[in-house]
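Below are some notes on the model you sent, set out as numbered points. They begin with the terms used for burial and then move from the whole chain to individual places.

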Amino acid sequence: MPDERALKNPYKDYDGTQTLFDAQGNLTASFAGRITHKINDLLTAMEKGLKSADPRDCTGYTGWAGIALLYLHLHGVFGEPSYLQRALDYVSRSLSLTGRWITFLCGDAGPLAIAAVVYHRLQRNQEADECVNRLLQLHQSVVKGVGNLPDELLYGRVGYLYSLVFINQQFGQEKIPMQYIQQICDAVLASGESLAKRNRTQEQSPLMYEWYQEQYVGAAHGLAGIYYFLMQPGFVVGQERLTTLVKPSVDFVCQLKFPSGNYPPCVGDERDLLVHWCHGSPGVMYMLLQAYKVFGVKQYLEDASQCAEVLWQRGLLKKGYGLCHGAAGNAYGFLALFKVTREAKHLYRACMFADWCMNYGKHGCRTPDTPFSLFEGMAGTIYFLADLLQPMRSKFPAFEI
Ligand SMILES: [Zn+2]
């Protein structure tokens, strides 16, 4: 079946003869050099393009906070001080907070958390602490769910939760006590149980979540993204709740798998069309891999491997080279599987998708609304290319823990 949403993958699949990286997964100097060169080219193009970006968009998803996060990442990978300065410039622009949403990607938590980390790296500790305090001022309203707060990643509770985890990881200490994270997970569990009961679906899935009255499945708005967080060690208190509430709910998502190995965007949607991080197998993979790590059931890993096959066949999207619904975001799925299995095939496939991304703009793909942003545009592609230089440490930004 020809897929109108993806371009045909022109690359030969892995046959054991590749020469781009060694047995430990370290890229060869020439391939790494090519990537670094391309990163610099794309950064120049991005800076130029950003001059006409919407000055009011402060978000991580399409606005200034996302660009700041890119530079923070580049500073981490290359250790170049000017990148940290850039991160400071952009995050300063992002701090005109609106109070409308609370998440890392689409709300106030992102700019605050990224600013805290930038200040921390600059050893401006008082300013870092101020940002952390402002972030924590949102905590009670997130726990209580003020304003019918959803639970998903882009606008809901786990999107706020990510910012707390981000702070702790980047500070290298439990700057924010674990109880804060656990309180949010308690609220997410209570919300999911209550909806499952209300819908009388608790027999099939003890937890259920909606966003705009739809039961989304994928990483951005749906079940897989939420369960990925609930399965992180120590986030949900009590093994029993993990096995009686979370695991059967994960299994419910597993049952939604299409014959192709892909997953629907919503429960009940029969159309096997979308292979995006936001909707479909590229995002569901993270839930499956985490379930495999936590519960040790081989089937989860097999389902994740099947996701990777879907990605390889249908992952070079006409929507472009971005993270949310583009080739770079899909390539992170291969890296996630490589980190668990250490199989060269997966790293090879990520490298081929990187090659595709390095031919940015040459495939007739559509131009996104925000062509230079982190989640739709060029900044996300650069972020991925930099991550490929250190595959075992790579993480899908604003999501993967
Ligand atoms: Zn998307």
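1. A residue is called exposed here if 12 or fewer other C-beta atoms lie within 10 Å of its own, buried if 20 or more do, and partly exposed in between. The coordinates come from a predicted model, and the points that follow should be read with that in mind. On the outer side of helix α3, as an instance of the first term, P81 and S82 are exposed, opposite the side that holds the buried residues of α3.

2. On the overall fold, the chain contains 15 helices and 0 strands, and its C-alpha trace spans about 55 × 55 × 35 Å along the principal axes. The radius of gyration is 20 Å, which agrees with the value near 21 Å that a compact globule of 401 residues would have. Buried residues make up 51% of the 401 residues, and, among contacts between residues at least 6 apart in sequence, 64% join residues at least 24 apart.

3. The largest nonpolar core holds 134 residues, and within this core A68 and A116 touch the most other members. Helix α2 (residues 64–78) gives the largest share of the core, with 10 residues. If residues up to four places away in sequence are set aside, A116 touches A128, C131, V132, L135 and I167.

4. Helix α4 (residues 109–121), in which A116 is one of the buried residues, deserves a separate look. Its 13 residues should span 18 Å at 1.5 Å a residue, and the end C-alpha atoms are indeed 18 Å apart, so the expected and modelled spans agree. Because 12 of the 13 residues of α4 are buried, this helix is largely enclosed by the rest of the structure. The buried set includes A109, G110 and P111 at one end and Y119 and H120 towards the other, and what covers these buried residues includes α2, α3 (81–93), α5 (125–136) and α7 (157–171). Just after α4, Q123 takes a positive phi of about 60°.

5. How are the buried residues of α3 arranged around the axis? The residues in question are R86, A87, Y90 and V91, and they cover an arc of only 125°, which puts them on the same side of α3. The cover over these buried residues includes α2 and α4, whereas P81 and S82, on the other side of α3, are exposed. The length of α3 raises no concern, since its 13 residues should span 18 Å and the end C-alpha atoms are 19 Å apart, which agrees.

6. For "binding site", an unreviewed UniProt entry lists C278, C324 and H325. These positions are spread over 48 residues of sequence, yet they cluster in space, with a largest C-alpha distance of 6.4 Å. C278 is placed in the loop between α10 (239–254) and α11 (281–295), while C324 is placed in the loop between α12 (298–314) and α13 (327–341). C278 is buried, because 22 other C-beta atoms lie within 10 Å, and C324 counts as buried with 27 C-beta neighbours inside 10 Å.

7. The contacts of these two cysteines, again not counting residues up to four places away in sequence, can be taken together. C278 touches G218, A219, A220, G283, C324 and H325, and thus both of the other positions listed in the UniProt entry are included. C324, in turn, touches A220, H276, W277, C278, G329, F375 and E376.

8. P371 is placed in the loop between α14 (344–358) and α15 (378–388), and it is buried, with 21 other C-beta atoms within 10 Å. Leaving aside neighbours within four places in sequence, P371 is in contact with G49, G377 and M378. The C-alpha atoms of P371 and K38, which are 333 residues apart along the chain, are separated by 17 Å.

9. Finally, some backbone angles call for a check. Most residues other than glycine have a negative phi. N148, in the loop between α6 (139–144) and α7, has a positive phi near 55°, and with 5 C-beta neighbours inside 10 Å it counts as exposed. R342, in the loop between α13 and α14, has a positive phi of about 60° although it is not a glycine, and R342 is partly exposed, with 14 other C-beta atoms within 10 Å.

Technical notes: Residues are numbered from 1 along each chain as its sequence is written. This is a predicted model: local features need pLDDT of at least 70, side-chain atom pairs count only at pLDDT 80 or more; totals for chains, interfaces and linings use all residues. A nonpolar core is a set of buried Ala, Val, Leu, Ile, Met, Phe, Trp, Tyr and Cys residues joined through C-beta atoms within 7 Å. Helices (H or I, at least four residues) and strands (E, at least two) are DSSP runs, numbered from the N terminus. Two residues are in contact if their C-beta atoms, placed from the backbone, lie within 7 Å. The radius of gyration is taken over C-alpha atoms; the globule rule is 2.2 Å times the number of residues to the power 0.38. UniProt positions are given in the numbering used here, feature names are shortened, and annotations may be inferred rather than shown by experiment. The expected span of a helix is 1.5 Å times one less than its number of residues. The arc is that of the directions from the helix axis to the C-beta atoms.
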